[in-house]
Amino acid sequence: MSPRVYCCLLICLLCCCGTRTQPVPQSQRPGPSRVTAGKPREIGELSQRATRIVREIAELRGWDPSLDVTLETAGNSRLEAAILADEESQIDPAARQAEIELLVSFGFVPENFDFERDVTQRFSRDLQGLYSFTWRRILLAASRDYKTVESTLRHELVHAFQDKYYNVGAKVRWREDQGDRIAAIHSLAEGEAICVARQLEDPLHRGCLDTSSDDFEYRTLGEGLQSLPPAIRYALLCPYVDGTRSVQHLLRQGGWQAVDYAWRGNLNSTRELLHPGQSSLATMLAIEAPSTATALASCHLEYLDVLGEQGLSSMLFDHVDPGIATQLAASLISDRAGVWRCGGSYAVAWRMQLTLPKHASRVASVISASLTPPLSPLPKSPTCGQNRNGVTSLLVLGRDIAITSVHQCIGENSQNPTVSCEEAENWAKRLIGL
Ligand SMILES: [Zn+2]
């Protein structure tokens, strides 16, 4: 989900990795691996297991085993509260809504999509556990079997170590134009947690170097996501899949030391994560506000971000063959999206530049087909479509794409500004520099 909706949908199935680190008050901060809820016997047993796993992780990664993290067993409502606390500290609600609006505008999620209802509440029921950066504690779902708790502890304790060593919680907090960089860091965090847990579980200690279980997380995590819009589903899965692939590559290159270098390096994009050795040389694309000559003169910018390769691939996966989706996303040189609130309307723009014109044409065709109703078949460009809520225009010029959309907010009435196809197309032209 990216973004970042796709990629900044940092609510995770195995953890929550998207929040500012906010120290728990001293009075709530017991020593390493203290357990705060449960029957005395359970507390003692869980504490011992956590202490042992902390030592195992520290030995594998060459880390100091002292770790200030609290554990608790939690029911659904407590897990949901932890997710919401991390979400609230991660991203402003207006920016979160604007992210969703971006996806709605271009047909990737339905108009009635509600993040809290459809994702947060839904997945608090399926979570095995999570590490809350905001609370700096691990929550384990109650009534899980021994093996599941063992596996969950390994994964979440790695996140606790990442918070200690890399201040991950602060690094993945949403900031304007940083979505793609955050997605890359989030993916590295998930990849490391998965590969450490795998290596500790593997009697032969191959971990991620044993490629026979490569798609395990994808299959396991994907099982609970079928009810979600595909773009959201893939956005939630991408950090696990891309991160594991990336850490697997690093381990082959130089073992865990190479992973340490990746953390200390300047990871700026999912392109760098997915294509080691390739740097992000592209300059930031300019993105213009809606024209002040129109009824949208009083617009307020609420969201500006880079979706990046991972974000684009999340949107393409359900529409083309996975290999094609990966190839098209990899051809993305640069992109940028903006969402403005204009009274009772949203004005949305997305600008992309791809390596080749044929890639731009294919990506534009996917977007065109995802709209309801679909836009006129390309190559007519610009093309524009109207539905009951507003207009959407799409312009392809060589390897450049510009898409604009102006829509009434759900529930708003006819007092909203009316924008014509001509105005939407003119805005798209200005985005591309025509
Ligand atoms: Zn995780």
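**View 1. Six strands form an open sheet in this predicted model.** The strand order is S5-S6-S7-S10-S9-S8, and the pairing is antiparallel. Strands S5 (300–305) and S8 (383–387) stand at the edges. Each has a single partner strand, so one side of each is left without a neighbour in the sheet. On average, neighbouring strands of this sheet are turned by 10° against each other, direction ignored.

**View 2. Strands S6 and S7 run antiparallel.** S6 covers residues 332–342 and S7 covers residues 345–354. They are joined by 10 bridges. One residue to pick out is Gly-338, whose bridge partner in S7 is Ala-349.

**View 3. Helix H15 lies across four strands: S7, S8, S9 and S10.** The helix spans residues 421–432. Strand S9 takes in 390–397, and strand S10 takes in 400–408. H15 runs at about 35° to S9.

**View 4. Helix H6 has the span expected from its residue count.** H6 comprises 21 residues, 146–166. At 1.5 Å a residue, these should span 30 Å. The end C-alpha atoms are 30 Å apart, which agrees. Buried residues in H6 include Thr-152, Leu-153, Arg-154, His-155 and Glu-156. Leu-157, Val-158, His-159, Ala-160, Phe-161, Gln-162 and Asp-163 are buried too. Asn-167 follows H6, and its phi is positive, near 55°.

**View 5. The whole chain, for context, has 15 helices and 10 strands.** The chain holds 434 residues. Of these, 50% are buried.

Definitions and conventions. Residues are numbered from 1 along each chain as its sequence is written. This is a predicted model: local features need pLDDT of at least 70, side-chain atom pairs count only at pLDDT 80 or more; totals for chains, interfaces and linings use all residues. Helices (H or I, at least four residues) and strands (E, at least two) are DSSP runs, numbered from the N terminus. A residue is buried if 20 or more other C-beta atoms lie within 10 Å of its own, exposed if 12 or fewer, and partly exposed in between; C-beta atoms are placed from the backbone. Two strands pair if DSSP finds at least two bridges between them. Axes are lines fitted to C-alpha atoms, for helices over the stretch in contact, and angles run from 0 to 180 degrees between N-to-C directions. Two residues are in contact if their C-beta atoms, placed from the backbone, lie within 7 Å. The expected span of a helix is 1.5 Å times one less than its number of residues.
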